[in-house]
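Hello,

Here is the structure I promised to pass on. Have a look at it first, and then read my notes below.

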Amino acid sequence: MTEHHLSPGTDPEHPVVPHDSAALTAWLTTLVRNREYGTLAELRRAHGGTNAHIRAGWYGGDAHRALFERMAFLFAVYHQGRPQPSYGHGSLGAAARRIGDGTGRGPDNPGAQRLLDRLVASRRVPWRHLQHAVTRLRSCEQPPPSWTGLTDDLLNWNDRKERVAYRWSVEFHTPPARDRQAPNEPTTRKDTPS
């Protein structure tokens, strides 16, 4: 009897299902928009296993089911009690730059700096610190990172070419565009004649 070995995805009975970060974000934002609070509450259960977690895992395909379930958890934590969904923007490094209070934000806030240091020092996906970052953004009433982008970054966490942790660190420490002006350049105002 000859044994046939098929490459992944070529077995018609067990096809490899691809992942779709954007579809996960679309589904999650629809839950908030439609006020499906029970489903969002299920997603906030950290240990998963609920129907909502299983559905979130579908978007991760065969290889990334657990990561997509955990991303849905983070999304639900951020959106607890929020009437409008937030797609977020930027990377987690850029979002962490918004963490802080009246004493300073981002690199000027020691708590935000320590949190980012813990995030980027981890060899494995730093789920506990990610939850802390999302919770801090929520409590500071700051927008989250792009959920689709964060999912993609975590999918590439261990890819040395992507350098996700390094990029987050650079984006955290990069000053806003208005602060990057050369020190000797005069400032111009639109309401002042040139």
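Let me start with helix α8: the cover over its buried residues includes α1 (21-33), α4, α5, α7 and α9. The buried residues themselves are Trp 147, Leu 150, Thr 151, Asp 153, Leu 154 and Leu 155. Buried here means under 20% relative accessible area, exposed means over 50%, and partly exposed is in between (1.4 Å probe, protein chains only). Helices (H or I, at least four residues) and strands (E, at least two) are DSSP runs, numbered from the N terminus.

Before going further, please keep in mind that this is a predicted model, in which local features need pLDDT of at least 70 and side-chain atom pairs count only at pLDDT 80 or more, while totals for chains, interfaces and linings use all residues. Residues are numbered from 1 along each chain as its sequence is written, and side-chain values use heavy atoms, with hydrogens and water left out.

**Overall picture**

The protein has 9 helices and 2 strands, and from the N terminus the order of elements is α-α-α-α-α-β-β-α-α-α-α. Of its 194 residues, 37% are buried. The protein exposes about 12100 Å², of which carbon and sulfur atoms supply 50%; these areas come from the Shrake-Rupley method with a 1.4 Å probe, and for residues only the protein chains shown count as cover. If you take the contacts (heavy atoms within 4.5 Å) between residues at least 6 apart in sequence, 69% of them join residues at least 24 apart.

**The core**

A nonpolar core is a set of buried Ala, Val, Leu, Ile, Met, Phe, Trp, Tyr and Cys residues joined through side-chain atoms within 4.5 Å. The largest one here has 43 residues, and Leu 43, Met 71, Leu 130 and Leu 154 touch the most other members. Helix α4 (residues 65-79) gives this core its largest share, 10 residues. Leu 130 is a good place to start looking: leaving aside neighbours within four places in sequence, Leu 130 is in contact with Leu 74, Leu 92, Leu 119, Val 125, Leu 150, Leu 154 and Trp 168.

**Helix α9 and its links to α8**

In α9, the buried residues are Val 164, Ala 165, Trp 168 and Phe 172. They lie on the same side of α9, because they cover an arc of only 100° around the axis, taken from the directions from the helix axis to the C-beta atoms. Among the elements that cover them are α5 (92-96), α6 (110-121), α7 (127-139) and α8.

There is 1 salt bridge by the rule used, which asks for a side-chain nitrogen of Lys or Arg within 4 Å of a carboxyl oxygen of Asp or Glu. The partners are Arg 167 and Asp 153, at 2.7 Å from N to O. This pair links distant parts of the chain, 14 residues apart, with Arg 167 in helix α9 (residues 164-173) and Asp 153 in helix α8 (residues 147-155). Asp 153 is buried, at a relative accessible area of 9%, whereas Arg 167 is partly exposed, at 27%.

**Aromatic pairs**

Rings of Phe, Tyr and Trp (its six-membered ring) pair if their centres lie within 6.5 Å; planes under 30 degrees apart count as stacked, over 60 as edge-to-face and the rest as tilted. The count comes to 4 aromatic pairs. In one of them, the rings of Trp 157 and Trp 168 have their centres 5.2 Å apart and their planes at 55°, so this pair is tilted. Trp 157 lies in the loop between α8 and α9 and Trp 168 in helix α9, so the pair ties together parts that are 11 residues apart in sequence. Both of these Trp residues are buried. Elsewhere, ring pairs link Phe 75, Tyr 78 and Trp 147 into a cluster.

**Loops worth a look**

Two residues in the loop between α7 and α8 caught my eye, Gln 142 and Ser 146. Gln 142 is buried at 18% relative accessible area, and beyond four places in sequence Gln 142 touches Tyr 78, Arg 98, Arg 105 and Leu 137. Ser 146 is buried at 19%; with the same four-place limit, Ser 146 touches Tyr 87, Gly 88, His 89 and Gly 90.

Pro 83 sits in the loop between α4 and α5 and is partly exposed, at 46% relative accessibility. Pro 83 and Asn 34 are 49 residues apart in sequence, with their C-alpha atoms 9.2 Å apart in space.

Best wishes
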